[in-house]
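Biologist: I am new to this structure and would like a close look at a single part of it, taken slowly and then set in its surroundings. Could you choose a starting point and lead me outward from there?

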Amino acid sequence: MHNDSYDILIQGGGPVGLACAAWCLQKFPEAKIALLDRNPVDDADLAAADSRGIALSHGSKLLLDTIQAWPQDHAEIHQVHVSQAGRFGRALMTREELKQEALGHIVRYRDIHLALRKALRVIQIQTSNFNWQHIDDNTALSHIQGKCIVHAEGGLFKAQDWVESGRDYEQSALVGLVEVENATPHQAWERFTSEGPLAVLPSHYGPNILNLVWCGSPESSQERLQLSDADFLKSLQAKFGTRIGQFLKVQDRRLYALGLNYRKEIALKNEVWIGNAAQTLHPVAGQGLNLGLRDAYLLSEKLSALFSRSEEEKSPAAIEATLKDYAQSRKADRTATIGLTDFMARIFTSNLLPVVFARGLALSALQWLPPAKTALARQMMFGRR
Ligand SMILES: Cc1cc2nc3c(=O)[nH]c(=O)nc-3n(C[C@H](O)[C@H](O)[C@H](O)COP(=O)(O)OP(=O)(O)OC[C@H]3O[C@@H](n4cnc5c(N)ncnc54)[C@H](O)[C@@H]3O)c2cc1C
């Protein structure tokens, strides 16, 4: 159908917008939904797109499994080694002590994106009122109306056309793939340096090909981006040390500005904001997409319940009340995840001696106080329920 009036209008065909559409349709296949997607129709045109490794929690895997959108190419994390460069304090979290199959998974952004597009196409076959509209800057949209507007336009820090609450950490992330000599399979390393966290994460390419996320000042990150491969590897080796042997190769270096930008109100009348359109986080705790998927899932539960009711029950007041209820039920998880991420981004980059000392103690405490470790790991794996 190409009716121009929809119950739900989702703006943004990134992972969060796609997932929201898929869950709404899975729960209520008759839903009148339009999805405005700025990405190309053909998957082949996305093949060279964003290849950065994203850490997805076990909770996100369970959610994506419900729509068969778990990407084939992924790497499991069985243990995480946390340390700080040149200082005391380290912690090792293992899947055994947390009684989990995996502490998390690393998947490329584009593989998550493609898996969700595929899942939505499968679900689309069972629907009759869904319009997946690919658009560009010239597409006329004024005739497409939605009773409820879901903003899933996402975006990266500093590239968004809104700035509300938050913080500029004055950091950039340099991401890429590195090859090393001798990595422990399924292990992730997070090392806090004076400039920001440096993470080396497993990839599906094999134990010695790892995803790098190196946070530093915008200036030094830019310089690192421009170094020759040999000089880059030398400087990475100096920062990371030799615990996984020599760094042998690097490819696909890219830079991202980092900061926190979040909306205090995520629901206003008939509009609602989810994923990066609601909150854009520092990647230090690997939480942005995980939180966005939880947003999408919960919203789909509320919206499908509302729009499967009779016409009279879908009044503007009912829509507003449903979105308010959604915002209220996301409060605890959002506040905890934004707060934890902001805390980690600030505490782990400070060079003030008392902070350095406290952070060493915190890492040691994490190592020796299992309940603290379990609580942190649970928040990171499942969010606040
Ligand atoms: C370096 C880095 C590392 C990260 N690592 C992790 C990690 O380990 N774990 C984790 O959970 N998260 C991580 N994140 C965060 C994660 O990438 C985001 O949270 C996630 O991409 C948000 O998804 P989204 O769909 O909300 O937004 P996006 O991925 O930005 O997608 C939004 C989509 O909407 C489209 N769009 C924009 N405007 C419009 C419009 N007006 N109309 C229609 N469409 C529009 C865009 O083209 C895009 O396709 C990381 C981020 C960075 C920068």
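Modeller: Let us begin with strand 3, which is covered on both faces: G53 and A55 on one side, and I54 and L56 on the other, are all buried. As background, the side chains of a regular strand alternate between the two faces of the sheet. Please keep in mind throughout that this is a predicted model.

Strand 3 belongs to an open sheet of 3 strands, whose order is 3-7-4 and whose pairing is antiparallel. Strand 3 and strand 4 (75–77) stand at the edges of this sheet, and because each has a single partner strand, one side of each is left without a neighbour in the sheet. From one strand to the next, the twist averages 30 degrees. The partner of strand 3 is strand 7 (residues 104–108), and the two pair in the antiparallel sense over 4 bridges. Two of the residues already named can be followed across this pairing: I54 stands opposite V107 in strand 7, while L56 has H105 of strand 7 as its bridge partner.

Strand 3 also leads to the ligand. The shell around the ligand has 32 residues, of which G12, G14, G154, G275 and G288 come nearest. Strand 3 (53–56) is one of the elements that give two or more residues to this shell, together with helix 1 (15–27), strand 10 (165–180) and helix 6 (288–307). Helix 6 gives the most, with 4 residues. By residue type, the shell divides into 14 nonpolar, 15 polar and 3 charged residues.

A residue that helps to place this region is A152, which lies in the loop between strand 9 (145–151) and strand 10. A152 has 30 other C-beta atoms within 10 Å and therefore counts as buried, the cut-off being 20 or more. Among the residues that A152 touches, leaving aside those up to four places away in sequence, are G12, G14 and G275, along with Q11, C20 and I274. The approach to Q11 spans a long stretch of chain, since A152 and Q11 are 141 residues apart in sequence but 5.4 Å apart in space, C-alpha to C-alpha.

The loop that holds A152 follows strand 9, and strand 9 takes us to another sheet. This is an open sheet of 6 strands, with the order 8-2-1-9-16-15 and mixed pairing. Strand 8 (130–134) and strand 15 (267–268) stand at its edges, each with a single partner strand, so that one side of each is left without a neighbour in the sheet. Strand 1 (residues 5–11) and strand 9 run parallel and are joined by 6 bridges; along this pairing S5 stands opposite Q145, and Y6 has G146 as its bridge partner. Strand 9 is also joined to strand 16 (residues 271–273), again in parallel, by 3 bridges, and there H151 stands opposite W273.

Helix 1, which was met above as a contributor to the ligand shell, lies across strand 1, strand 2 (33–37), strand 8 and strand 9, and runs at about 165 degrees to strand 2. The largest nonpolar core of the protein has 92 residues, and those with the most contacts inside it are I8, C20, A22, I33 and I274. Helix 1 gives the most to this core, with 9 residues. In soluble globular proteins, nonpolar side chains tend to be buried together. I8 shows how such contacts are spread, for it touches C24, A31, I33, G146, C148, V150, L303 and F307, not counting residues up to four places away in sequence.

For contrast with these buried positions, consider K269, which is placed in the loop between strand 15 and strand 16. K269 has 13 other C-beta atoms within 10 Å, and so it is partly exposed; its phi is near 50 degrees, a positive value in a residue other than glycine.

Seen as a whole, the protein has 9 helices and 17 strands, and 44% of its 385 residues count as buried. Of the contacts between residues at least 6 apart in sequence, 80% join residues at least 24 apart. To return to the starting point, strand 3 is buried on both of its faces, stands at an edge of its own sheet, and gives two or more residues to the shell around the ligand.

Notes:
Residues numbered from 1 in each chain as written. Predicted model: local features only at pLDDT ≥ 70, side-chain atom pairs only at ≥ 80, totals over all residues. Near = placed C-beta within 6 Å. Nonpolar A, V, L, I, M, F, W, Y, C, P; charged D, E, K, R; others polar. Buried ≥ 20, exposed ≤ 12 C-beta atoms within 10 Å, placed from the backbone. Contact = placed C-beta atoms within 7 Å. Pairing = 2+ DSSP bridges. Axes fitted to C-alpha atoms, helices over the stretch in contact; angles between N-to-C directions. Core = buried A, V, L, I, M, F, W, Y, C linked by C-beta atoms within 7 Å.
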